[in-house]
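Trainee: I should like to examine the assignments made for this protein and the reasoning behind each of them. Please set every value against its criterion before drawing a conclusion.

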Amino acid sequence: MSNNNGFNKICNDCERFEECKSLSKFKVSSCPNVPTQEEPVQFTPVFGSIYNVAGGDPTTNPNVDFDTVGPSSGTTPSTVDDSITVNSQGVYTVTFTIQLNAELAGTFNNIIFQLTINGTPLPTKQIEFQTFVDGVTEIDVVSRTDQIALNQGDVIRVAIVSTAGIITYDNAALVVTKVA
């Protein structure tokens, strides 16, 4: 509600009322104690995921073989080349999780995975799993999450760098989410 001088009623209670009154063109939004309403920020979520539900043999493919596309928006997940392509520049959280099955009692088993961007391995973004199997089979789940600055068109994969022993995998997931 305005009074005759063009001041909002709330401004009458403001401690800086006299200062505001001296302004040549007073608007309510210039009153320091009246909160202004900002336009809501429009945010479109950007995410993507691919999964492996059929299992895989790390000796048959240089990358983890993904067979199922999960939900996505602003990314291009592909089971054809086992990748997620980001469609906008930003900082992304990249999470890779996989179940490993080491077999044959009395053997040493080892496998190393690395994230790659556009085919370039990231040695600081790797998971190394090694075990000595005491029983018939050992099943473990390993995971890694990183925040990485990516450019539009960057392609993310999980490479299998090396393997020793008898190891297979199941239930792999690669999830990418833009955070900034």
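**From one loop to the whole fold**

Mentor: Leaving out residues up to four places away in sequence, N63 touches R157, V158, A159, I160 and Y169. Please bear in mind throughout that this is a predicted model.

Trainee: What makes R157 and N63 count as touching?

Mentor: The criterion is a pair of heavy atoms within 4.5 Å, and R157 is among the residues that N63 touches. The list for R157 also includes N63, together with D81, D82, S83, Q114, L115, T116 and G119.

Trainee: Where does N63 lie, and where does R157 lie?

Mentor: N63 is in the loop between β1 (47–52) and β2 (68–73), whereas R157 belongs to strand β9, which spans residues 155–164.

Trainee: Why is N63 called buried?

Mentor: Its relative accessible area is 17%. Buried means under 20%, so the value of 17% places N63 in the buried class. R157 also has a value of 17% and therefore counts as buried.

Trainee: How far apart are the C-alpha atoms of N63 and D81?

Mentor: They are separated by 8.8 Å, the two residues being 18 apart along the chain.

**Salt bridges**

Trainee: How do you know that R157 and D81 form a salt bridge?

Mentor: The N to O distance between their side chains is 2.9 Å. The rule asks for a side-chain nitrogen of Lys or Arg within 4 Å of a carboxyl oxygen of Asp or Glu, so the Arg and Asp pair at 2.9 Å qualifies.

Trainee: What makes the pair a link between separate parts of the chain?

Mentor: R157 is in strand β9 and D81 is in the loop between β3 (75–78) and β4 (83–86), so the salt bridge ties together parts that are 76 residues apart in sequence.

Trainee: What makes the R157 and D81 side chains a polar contact as well?

Mentor: That contact is listed at 2.9 Å, and the distance limit for a pair of N or O atoms is 3.5 Å. The value therefore satisfies the distance part of the rule.

Trainee: Why is D81 called partly exposed?

Mentor: D81 has a relative accessible area of 31%. Partly exposed covers the range between the 20% and 50% limits, so D81 belongs there.

Trainee: How many salt bridges does the whole structure have?

Mentor: A search finds two. D146 also forms one with R144, with the closest N and O atoms 2.6 Å apart, and that value is again within the 4 Å limit. D146 counts as buried at 9%, while R144 is partly exposed at 25%.

**The cavity**

Trainee: How many cavities of 30 Å³ or more are there, and what volume does the largest have?

Mentor: The count is one, and the largest cavity holds about 50 Å³ of space.

Trainee: Which residues line the largest cavity, and which strands supply at least two of them each?

Mentor: The lining consists of F96, F113, Q114, L115, K125, Q126, I127, R144, D146 and V158. Strands β6 (108–117), β7 (120–132) and β8 (137–150) each supply at least two.

Trainee: How is the lining of the largest cavity divided by class?

Mentor: It has five nonpolar, two polar and three charged residues. Asp, Glu, Lys and Arg count as charged, so K125, R144 and D146 fall in that class.

**A second loop and the overall layout**

Trainee: Why is N118 called partly exposed?

Mentor: N118 has a relative accessibility of 44%, and the exposed class begins over 50%. The value is also not under 20%, so partly exposed is the class that remains. N118 is found in the loop between β6 and β7, and its contacts beyond four places in sequence are G153, D154 and V155.

Trainee: How is the protein as a whole arranged?

Mentor: It has two helices and ten strands. Of its 180 residues, 39% count as buried. Among contacts between residues at least 6 apart in sequence, 69% join residues at least 24 apart.

Technical notes
Residues numbered from 1 in each chain as written. Predicted model: local features only at pLDDT ≥ 70, side-chain atom pairs only at ≥ 80, totals over all residues. Heavy atoms only, no water. Helix = DSSP H or I, 4+ residues; strand = E, 2+ residues; numbered from the N terminus. Polar contact = N/O pair within 3.5 Å; in protein donor to acceptor, adjacent residues only side chain to side chain. Buried < 20%, exposed > 50% of the residue type's maximum accessible area, 1.4 Å probe, protein only. 1 Å grid on protein atoms, 1.4 Å probe; cavity = no way out; pocket = protein on both sides within 12 Å on 5 of 7 lines; lining within 4 Å. Points joined across faces, edges and corners; volume = space filled by probe spheres on them.
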